[in-house]
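Here's a short set of exercises to work through with the model open beside you. Try each task before you read its solution.

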Amino acid sequence: MDKEQFTAEVLSAEKGLYHVARSILGNDEDCADAMQNAILTAYTKLHTLQKEAYFKTWLTRILINEAYQMLRDRKEQVSYEDYMESCPAREEIKDGGVFQAVMELAEVYRTPFVLHYVEGFSVKEISRMLAISQSAVKTRLYRSRNLMRDTLKGEYGYE
């Protein structure tokens, strides 16, 4: 993979990388840092990529590792109020909104949920990215759907 192809692949994956980073880290500044570090790591380790067809999956895995490392390094939690103040779309978020429901999922459910339903990764790809079995991914997706359904009950036509 040459420099131009690498750049094109990164640009096509940028929106998806942002969604994944946001689901783990929660704020734009950390997302940008994680994405930048992941892209730099991917570029320096490009020789380790075995199949170019799996570039997006490989880059997403690097980003997930970087985001979790940032969480370990950060050690402090942002309060919900501070998060809502920094959220660019806070005017569109209502109590019981879909975004809020996703962000309220435990991280163990939120990450596979975003990877599958927002980014469109397959169960097999998510399994590789998170280093868990495919059945664990399916279980987490099932549980996250149930949690979302319970949270959104009465909203958006769910009864």
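How many salt bridges does the structure hold? Before the solution, some ground rules: this is a predicted model, where local features need pLDDT of at least 70, side-chain atom pairs count only at pLDDT 80 or more, and totals for chains, interfaces and linings use all residues. Residues are numbered from 1 along each chain as its sequence is written, and side-chain values use heavy atoms, with hydrogens and water left out.

**Exercise 1: the salt bridge**

Task: count the salt bridges, then find the partners and their burial.

Solution:
- Start with the criterion: a side-chain nitrogen of Lys or Arg must sit within 4 Å of a carboxyl oxygen of Asp or Glu.
- The count comes to 1.
- The partners are R22 and D28, with their closest N and O atoms 2.8 Å apart.
- For burial, use relative accessible area with a 1.4 Å probe and protein chains only: under 20% is buried, over 50% is exposed, and anything in between is partly exposed.
- R22 has 7%, so it's buried.
- D28 has 27%, so this one is partly exposed.

**Exercise 2: the overall layout**

Task: work out how many helices and strands the protein chain has, and what share of its residues is buried.

Solution:
- Take the elements as DSSP runs numbered from the N terminus: helices are H or I with at least four residues, strands are E with at least two.
- That gives 8 helices and 0 strands, so the pattern along the sequence reads α-α-α-α-α-α-α-α.
- Of the chain's 159 residues, 40% are buried.
- Now look at contacts, meaning heavy atoms within 4.5 Å. Among those between residues at least 6 apart in sequence, 64% join residues at least 24 apart.

**Exercise 3: the nonpolar cores**

Task: say which residues in the largest nonpolar core touch the most other members.

Solution:
- Define the set: buried Ala, Val, Leu, Ile, Met, Phe, Trp, Tyr and Cys residues joined through side-chain atoms within 4.5 Å.
- The largest such core has 32 residues, and F55, W58, L63, I64 and L115 touch the most other members.
- Two or more of its residues come from each of α1 (3-25), α2 (28-44), α3 (55-74), α7 (123-130) and α8 (134-151).
- Another core lies apart from this one; it has 7 residues, including A101, V102, L105 and F113.
- Go back to L63 and skip its neighbours within four places in sequence: you'll find it touching L17, V20, A21, A34, M35 and A38.

**Exercise 4: two helices, two spans**

Task: compare α1 and α8 with the spans expected for them.

Solution:
- The expected span is 1.5 Å times one less than the number of residues.
- For the 23 residues of α1, a straight helix would span 33 Å, but the end C-alpha atoms are only 29 Å apart.
- Check for a bend, taken as the angle between axes fitted to the seven residues ending at a position and the seven starting there. A kink of about 50° turns up in α1, centred on E14.
- Just after α1 comes G26, with a positive phi near 90°.
- α8, with 18 residues, reaches 25 Å from first C-alpha to last, close to the expected 26 Å.
- The buried residues of α8 are V137, L141, S144, N146 and M148, and the buried residues of this helix pack against α5, α6 (107-118) and α7.

**Exercise 5: two serines and an alanine**

Task: describe the surroundings of S23, S135 and A131.

Solution:
- S23 belongs to α1 and is buried, at 3% relative accessible area.
- The S23 side chain reaches the backbone oxygen of V20 at 2.8 Å. That passes as a polar contact: a pair of N or O atoms within 3.5 Å, where within protein one must be able to donate a hydrogen and the other to accept it, and residues adjacent in sequence count only if both atoms are side-chain atoms.
- Beyond its neighbours within four places in sequence, S23 contacts R110, T111 and V114.
- S135 sits in α8, and a 3.1 Å polar contact joins its side chain to that of S133.
- A131 lies in the loop between α7 and α8. Its phi is near 55°, a positive value in a residue other than glycine, and at 66% relative accessibility A131 is exposed.
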